[in-house]
Amino acid sequence: MKIQLRFFASVRELVGAGQEVLELPQAAITVGELRAVLVARGGNWAEALGEGRLLRMAHQQLMCKADTLVADGDEVAFFPPVTGG
């Protein structure tokens, strides 16, 4: 299964990329499980996406929760909470 990942703001800065295509052997995975796969890379990935870090997540360009299922070809984005003015 291939998933399009997008990273924004401080997450993008920490992981050193704005996007990535990730291939996973699982047929079904949640956004939370996907996050854990990325955290397991360690280093800046763990710092940017670790459980203690407040993050927003989007699936198919809609805000989502960790239990949202991801399918082949989907897009998942990670970004910090932001405020505007």
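**Salt bridges and the buried face of helix α2**

In this predicted model, a salt bridge joins the side chains of Arg6 and Glu75, with an N to O distance of 2.7 Å. The two partners belong to distant parts of the chain: Arg6 lies in strand β1 (residues 2-7) and Glu75 in strand β7 (residues 75-79), 69 residues apart. Their surroundings were also examined. Arg6 has a relative accessible area of 26% and is therefore partly exposed, as this value falls between the limits of 20% and 50%. Glu75, at 16% relative accessibility, is under the 20% limit and so counts as buried.

A search of the whole structure returns 2 salt bridges. Besides the pair described above, Glu20 forms a salt bridge with Arg41, and the closest N and O atoms are 2.7 Å apart. This pair likewise links distant parts of the chain, with Glu20 in strand β2 (residues 19-23) and Arg41 in the loop between α2 and α3 (43-49), 21 residues apart. Arg41 is partly exposed, its relative accessible area being 36%. In general, side chains of opposite charge can pair when their charged atoms come close.

Burial was further examined in helix α2. This helix spans residues 31-39, and its buried residues are Val31, Gly32, Leu34, Arg35 and Leu38. When α2 is viewed down its axis, the buried residues fall within an arc of 160 degrees, and they therefore line one face of the helix.

How values were computed
Residues are numbered from 1 along each chain as its sequence is written. This is a predicted model: local features need pLDDT of at least 70, side-chain atom pairs count only at pLDDT 80 or more; totals for chains, interfaces and linings use all residues. Side-chain values use heavy atoms; hydrogens and water are left out. Buried means under 20% relative accessible area, exposed over 50%, partly exposed in between (1.4 Å probe, protein chains only). Helices (H or I, at least four residues) and strands (E, at least two) are DSSP runs, numbered from the N terminus. The arc is that of the directions from the helix axis to the C-beta atoms. A salt bridge is a side-chain nitrogen of Lys or Arg within 4 Å of a carboxyl oxygen of Asp or Glu.
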